[in-house]
Amino acid sequence: VEQVAELLHRRDGLDRETALTTARISQSHVGMARRLARDPEALERRERILSLPLQATAVSDAMALAATLAEVSKAEAESAAEARDAEELEALRRSLGLEPGEPVPPKLRHHVKRLEEDQTRRRRRAVRDSLDRAMIDVMGLFRDVLRVQLGADGELINEHRRDEIEAYARGTAGDSAEVLARIDAVTTARERIAANVPEQLALEAMMLALLPRRVRTPRRR
């Protein structure tokens, strides 16, 4: 974390505190740390994603939150792609010798079409990558819960949410075995999506597994 923060401070001009915070919550992912530091909306989407597993207390919650997770991840991917796509299109227009605002002549339109097709394919991949990144953040959240339960020293990945995490760890989280099972459930969801299982089904199964055990296992009469 310290090395990533120093890089962001030295190379990208981020202040040290922001660089350190985003390096920690991105789990030392340089590109993600820089994006979170520069884009308040991306940071807000991440925080919204982290609040989802802690809110689920009923089966109906799990279904709704799975849909929300997919929507937020898609919004993050599209937001990251918009500026990049616009820059690429502008660079292409310059390489074709077009002035700003000048219509693309018919004989050059195939260049623009090819770029747009490439960008569309990349956006589809970006949505899946964004969803995977969101699930990594959820895994980090439960790692924090486990650290609190085990009394481990050091800062949490989500140190800024320590009070909420500690309350969850002492309350509805269950024991350490149950928290480990939640981490395994996120790992399984990532593997299923990578194997082309429909995303919504994988996310719903994951969210159900993140529910407190007393909700997932009704009492027998």
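**Entry 1. Ser73 and Leu69**

I began with the side chain of Ser73 and looked up its polar partner. In this predicted model, a polar atom of that side chain lies 2.9 Å from the backbone oxygen of Leu69. I placed Ser73 in helix α5. Is Ser73 buried or exposed? I read a relative accessibility of 1% for Ser73, so I entered this residue as buried. I then listed what Ser73 touches, leaving aside residues up to four places away in sequence: Ile49, Ser130, Leu131 and Ala134.

**Entry 2. Confidence**

I checked how far the prediction can be relied on by its own score. The mean pLDDT of the protein is 88, and 96% of the residues reach 70 or more. Which element has the lowest mean pLDDT? I found helix α10, residues 213-216, at 63. The highest mean, 95, belongs to helix α8, residues 176-194.

**Entry 3. The largest nonpolar core**

I turned next to the nonpolar interior. The largest core has 35 residues. Those that touch the most other members are Leu69, Met135, Phe142, Val145, Leu203, Met206 and Met207. Leu69 had already come up in my first entry, as the residue whose backbone oxygen faces the Ser73 side chain at 2.9 Å.

Which helices supply at least two residues each to this core? I noted α4 (40-55), α5 (59-95), α6 (109-150), α7 (162-170), α8 and α9 (199-210). Of these, α6 gives the most, with nine residues.

I followed one member, Met207, in detail. Not counting residues up to four places away in sequence, Met207 touches Leu52, Ala62, Leu65, Ala66 and Leu69. Apart from the largest core I found another, of seven residues, among them Ala5, Leu14, Ala23 and Ala33.

**Entry 4. Helix α1**

Ala5 led me to helix α1, residues 2-12, whose buried residues are Val4, Ala5 and Leu8. They cover an arc of only 100° around the axis, and they therefore sit on the same side of α1. An α-helix has 3.6 residues a turn, so residues three or four places apart point the same way. On the face turned away from the buried side I recorded the exposed residues Glu2, Gln3 and Arg10. What covers the buried residues of α1? I noted that the cover includes α2 (16-25) and α3 (30-38). Just after α1, Gly13 takes a positive phi of about 75°.

**Entry 5. Helix α7**

I repeated the inspection for α7. Its buried residues are Ile165, Tyr168 and Ala169. These also cover an arc of only 100° around the axis, which puts them on the same side of α7. Asp163 and Arg170 are exposed on the other side of α7. I then asked against which helices the buried residues of α7 pack. They pack against α4, α6, α8 and α9.

**Entry 6. Salt bridges**

How many salt bridges does the structure hold? I recorded 24, and I examined several individually.

Asp12 bridges to Arg38, with N and O 3.7 Å apart. This pair links distant parts of the chain, since Asp12 is in helix α1 and Arg38 in helix α3, 26 residues apart. Asp12 also forms a salt bridge with Arg11, where the closest N and O atoms are 3.2 Å apart. I entered Arg11 as partly exposed, because its relative accessibility is 45%.

Glu159 and Arg162 meet through their side chains at 2.7 Å, N to O. I entered Glu159 as partly exposed on the basis of a relative accessible area of 23%. Arg162, at 24% relative accessibility, is likewise counted as partly exposed.

I also traced a network of salt bridges that links Arg46, Glu47, Arg133, Asp137, Arg161 and Glu164.

**Entry 7. The loop between α5 and α6**

My last lookup was Pro103, which lies in the loop between α5 and α6. Is Pro103 buried or exposed? I found a relative accessible area of 64% and therefore entered Pro103 as exposed. I also took the separation of the C-alpha atoms of Pro103 and Arg93, which is 9.8 Å for two residues 10 apart along the chain.

Methods: Residues numbered from 1 in each chain as written. Predicted model: local features only at pLDDT ≥ 70, side-chain atom pairs only at ≥ 80, totals over all residues. Heavy atoms only, no water. pLDDT = per-residue confidence, 0-100. Helix = DSSP H or I, 4+ residues; strand = E, 2+ residues; numbered from the N terminus. Core = buried A, V, L, I, M, F, W, Y, C linked by side-chain atoms within 4.5 Å. Buried < 20%, exposed > 50% of the residue type's maximum accessible area, 1.4 Å probe, protein only. Contact = heavy atoms within 4.5 Å. Arc of directions from axis to C-beta. Polar contact = N/O pair within 3.5 Å; in protein donor to acceptor, adjacent residues only side chain to side chain. Salt bridge = Lys/Arg side-chain N within 4 Å of Asp/Glu carboxyl O.
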